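Some labels in a structure deserve a challenge. The exchange below asks for the grounds behind each one.

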Amino acid sequence: MTQDKHISVWSNCLHFIQQNIEPQQFNIWFRPIKPVSIVESALTVEVPSEFFREYLEGAYLDILKAALKKELGTAAKLIYVVKPVKTQPAMVYPAAHGQAPVNKPISVNTFTPANNPGPFVYPGIQRVQVNPQLNPVYNFKNLVVGECNKMGFTAGESISNAPGKTAFNPLFLFGGPGLGKTHLAQAIGISIKEKYPELVVLYVPGNRFKTQYMDAIQKNKMTDFLAFYMKMDVLIVDDIQDMTGTSTQNAFFNIFNHLHQSGKQLIFTSDRPPVELENFEERLLSRMKWGLSVELQKPDYQTRLEMLKARAFREGVKHQISEDVLAYLAARIKSNFRELEGALISLIANATLAHKEITIDLAEQITEKIVGEEHNELTIDKVQRVVCDYFNITRDDLLSKTRKRNIVQARQIAMYMSRNLINVSLSTIGSEIGGKDHATVLHACTTVTDLMSTDKTFKQYVNDIEKILVPVRR
């Protein structure tokens, strides 16, 4: 009987609490609690999450004290342990923990710190421990797959099964911020390490590669730098658009050639497709187009909702957030996973600190601070409507194939404004403005720029439309 004392004590506490609060609140906040043990007058219970514990103490501390005092006397204590989450739905969780993949040590040619060696001096060999820089959270199991990223996910799985041996080499992932490029790229690296532990995988942001290169130049270790990167079996470069500078790109060009010719896997991410990378050497751009380029799109409603459900599960608030609240967030925040996840975390934090329940009213307050009024969101659709209103034409006219001069100019201005004011690719703009390809959009933007420098009336059109749109830029 003594072994079950914690169960009977907590059962009596629940009976007392149930008589003093509303049934719905009792089911939400007390049913999930599990008694663990009791030592003298200290009762240990298990709660679903830290958020749960903080809310419980903030909202129900008095009744908990009364119940425990009734059962265990004035010396009663309540100790909490947070239930570990062992399984979870698919989603990306930047705050989660796990075991990072480990690379084997590699041998790298090195020179003595003296003068540069002559052409017939053989370099020394040093074994270097390589940290793959992979976050174990960013794995395939934690990735919500929808129409927005299905192609990239499928290509990633193929690559992880046969790195360097598929037609997807290099793999070039591009899209706006918060759409999961980094997660998908790292997931491929993690999966490769799981299937091929002997392979050396490295993830590096483009700006870090550039910094390492400059450091190698200053310390006269360029040979070591190149030798190190040429030892990689899988090289993942994130935000490659940051790898600016002719000398940096020249070094990377040599690394790219060596790895690709050796059958090693290359994976790049960028906020734009290869054709739109500025200040990049043409020979490097052409190589980035050798494999597969995949655009990650904004997540649709169902994908956003699944992400929120999964994150709520991870945070231990699955039973404290109604599906109506999650549905509201999914419908309200449409831009990307990062903003959506940030809204949920802010909602949980505000509810915890203010000891409030998580309701739609609270969700409205939080999302208002994050994304502002709905009408403030600038989209391609909004650009089209403003342009149509300004030129007094219909949407059907704008999206048609007519070559009437006034319609063509309106269409070109819409493309120009979309490119300059919204962070989307040329192909996305083209697909939403009459199904044009990226080359047509690029030509339209160039034409508008040229006309603005030669035609004052046309320039006034563009300036007027921009004044209408600029106040709603985010």
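Q: What makes strand S8 and strand S9 a pair?
A: In this predicted model, strand S8 (residues 234-238) and strand S9 (residues 265-270) share four bridges. Pairing needs at least two bridges. The two strands therefore count as paired, in the parallel sense. Val 234 stands opposite Gln 265 in S9.

Q: In what order do the five strands of the open sheet run?
A: The order is S7-S8-S9-S6-S10, with parallel pairing. Neighbouring strands in this sheet are turned by 15° against each other on average, direction ignored.

Q: Why is one side of strand S7 and of strand S10 left without a neighbour in the sheet?
A: Strand S7 (201-205) and strand S10 (292-295) stand at the edges. Each has a single partner strand, so one side of each has no neighbour in the sheet.

Q: What is the peptide bond from Asn 169 to Pro 170, cis or trans?
A: Omega is near 5°, and the bond is cis. Most peptide bonds are trans. Pro 170 lies in the loop between helix H4 (150-161) and strand S6 (171-174).

Q: What is notable about the phi of Asn 279?
A: Phi is about 60°, a positive value, although Asn 279 is not a glycine. Most residues other than glycine have a negative phi. Asn 279 sits in the loop between S9 and helix H9 (282-288).

Q: Why is Asn 279 called exposed?
A: Its relative accessibility is 68%. Exposed means over 50%. Asn 279 therefore counts as exposed.

Q: Which sign does the phi of Asn 392 have, and where does the residue lie?
A: Phi of Asn 392 is positive, near 55°. The residue lies in the loop between helix H14 (380-391) and helix H15 (395-399). At 71% relative accessibility, Asn 392 counts as exposed.

Q: How do you know that Lys 150 and Glu 147 form a salt bridge?
A: Their side chains meet at 3.0 Å, N to O. The limit is within 4 Å. The pair therefore qualifies as a salt bridge. A search of the whole structure finds 10 salt bridges.

Q: Why is Lys 150 called partly exposed, and Glu 147 exposed?
A: Partly exposed covers values between 20% and 50%. Lys 150 has a relative accessible area of 40%, so the residue is partly exposed. Glu 147 has 59%, so the label is exposed.

Q: What makes the contact of Lys 309 and Glu 306 a salt bridge?
A: The N to O distance is 3.9 Å. The cut-off is within 4 Å, so the pair counts. Both residues lie in helix H10 (residues 301-314), three residues apart, about one turn of the helix. Lys 309 is partly exposed at 28% relative accessibility. Glu 306 is also partly exposed, at 34%.

Q: Which parts does the salt bridge of Arg 395 and Asp 381 tie together?
A: The two side chains meet at 3.0 Å, N to O. Arg 395 lies in helix H15 and Asp 381 in helix H14, so the pair ties together parts 14 residues apart in sequence. Arg 395, at 27% relative accessibility, counts as partly exposed. Asp 381, at 33%, counts as partly exposed too.

Q: Which residues are joined into one network by salt bridges that share partners?
A: The network consists of Glu 306, Lys 309 and Glu 323.

Definitions and conventions: Residues numbered from 1 in each chain as written. Predicted model: local features only at pLDDT ≥ 70, side-chain atom pairs only at ≥ 80, totals over all residues. Heavy atoms only, no water. Axes fitted to C-alpha atoms, helices over the stretch in contact; angles between N-to-C directions. Buried < 20%, exposed > 50% of the residue type's maximum accessible area, 1.4 Å probe, protein only.
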